[in-house]
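Reader: Hello! I am new to this structure and would love a close look at just one part of it, the place that the record annotates as a binding site. Could you walk me through it?

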Amino acid sequence: MQHSGNIILIGDGAIGSSFAFNCLTTGVGQSLGIIDVNEKRVQGDVEDLSDALPYTSQKNIYAASYEDCKYADIIVITAGIAQKPGQTRLELLSINAKIMKEITHNIMASGFNGFILVASNPVDVLAELVLEESGLPRNQVLGSGTALDSARLRSEIGLRYNVDARIVHGYIMGEHGDSEFPVWDYTNIGGKPILDWIPKNRQASDLAEISHRVKTAAYGIIEKKGATFYGIAASLTRLTSAFLNDDRAAFAMSVHLDGEYGLSGVSIGVPVILGANGLERIIELDLNPEDHKRLADSAAILKDNLKKAQEA
């Protein structure tokens, strides 16, 4: 399947505008339409981004309406209230669930039949909600999930052991939030298992510290600057590129499970192959009993919160 490269962004806040700028400077997509309740800000961003065109890749940047969604290959949703200092992602649920339902209904009313990438928090619950409300098949609705958390894991390991983060491979699985966890059995540096890089007397403490730093990274950033947006914007740009270019690359994303990992009826962060059809394949890792329980426990938390979202 070939795509024309038409992107619609819904939500022009810090994350959305950073994503738009990333797409412009990295050459992702052929056109970018922006939708937000603050139409004046959208027009300002369109004009500001257009000023960069002589220095970047050429594309059509415009203030879009929901009617334009019909022609989009991919819709990226970053709309909703942002996480505040000390606030968990799940605490955003009641308000953002209502926003997400309205957005989804507006999208589908246009006749849209492309791929939806949800980034609004709590992303796992909202991705499942969008899937339900849209009626689209599961391969066409995914959340950014733990893609950013997995990138944070790679960065933290690269910094700690003085290696290029690009040769670090590993996944954070579960909720994009407090119940997430690293899958150490499948984490390596240059193909060598992570434990082979750490002296035995430091293994337990190092892994615990890395896990804690990755899980709490967003809280620290929000405390210092009020919001996280560069990291997630870079993740969304890479995911969008993988879809438009049929990269068939592996990412940890929030996807609806239908028996995989013994779970169903929940969208949760697991490794997937992302390509032109959206979800191409779910990668089922052979998790050890402890990690399998962590994933099941995380899924239970998300299911409880999904009920609240459905009632919103």
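Author: Happy to. One definition helps before we start: two residues are in contact when they have heavy atoms within 4.5 Å of each other. Please also keep in mind that this is a predicted model.

The part you ask about comes from an unreviewed UniProt entry, whose "binding site" annotation covers Arg154 and His169. These residues are spread over 16 residues of sequence, yet they cluster in space, with a largest C-alpha distance of 6.6 Å.

Let us take Arg154 to begin with. Arg154 sits in helix α5, which runs over residues 147–161. Setting aside residues up to four places away in sequence, Arg154 touches Ala165, Arg166 and Val168. Is Arg154 buried or exposed? The answer falls in between: Arg154 counts as partly exposed because its relative accessible area is 27%, while buried means under 20% and exposed over 50%.

His169 belongs to another kind of element, strand β7, made of residues 168–169. With neighbours within four places in sequence left aside, His169 is in contact with Tyr186, Thr187 and Asn188. The relative accessible area of His169 is 41%, so His169 is partly exposed too.

Now let us step back to the surroundings. Helix α5, the home of Arg154, also supplies at least two residues of the lining of the largest pocket. Other elements that do so include α1 (14–26), β2 (31–35) and α7 (217–225). The largest share of that lining, five residues, comes from α3, the helix spanning 93–109. In total, 46 residues line this pocket, and Gly11, Thr78, Ala79, Gly80 and Ile81 lie nearest its centre. The volume of the pocket is about 870 Å³.

Finally, a look at the nonpolar interior. The largest nonpolar core has 82 residues, and Met173 is one of those that touch the most other members, along with residues such as Ile75, Tyr261 and Leu295. This core draws at least three residues from each of two domains, domain 1 (4–141) and domain 2 (144–309). Apart from this core lies another one, of 13 residues, with Tyr161, Ile172, Ile194 and Ile210 among them. Met173 itself has contacts with Thr146, Phe181, Val270 and Leu287, among others, not counting residues up to four places away in sequence.

Notes
Residues are numbered from 1 along each chain as its sequence is written. This is a predicted model: local features need pLDDT of at least 70, side-chain atom pairs count only at pLDDT 80 or more; totals for chains, interfaces and linings use all residues. Side-chain values use heavy atoms; hydrogens and water are left out. A nonpolar core is a set of buried Ala, Val, Leu, Ile, Met, Phe, Trp, Tyr and Cys residues joined through side-chain atoms within 4.5 Å. Buried means under 20% relative accessible area, exposed over 50%, partly exposed in between (1.4 Å probe, protein chains only). Domain bounds come from an automatic or database domain assignment. UniProt positions are given in the numbering used here, feature names are shortened, and annotations may be inferred rather than shown by experiment. Helices (H or I, at least four residues) and strands (E, at least two) are DSSP runs, numbered from the N terminus. On a 1 Å grid over the protein atoms alone, a cavity is a set of points where a 1.4 Å probe fits but cannot get out, and a pocket is an open set with protein on both sides within 12 Å along at least five of seven lines; lining residues have an atom within 4 Å of a point. Grid points are joined across faces, edges and corners, and a volume is the space filled by probe spheres set on the points.
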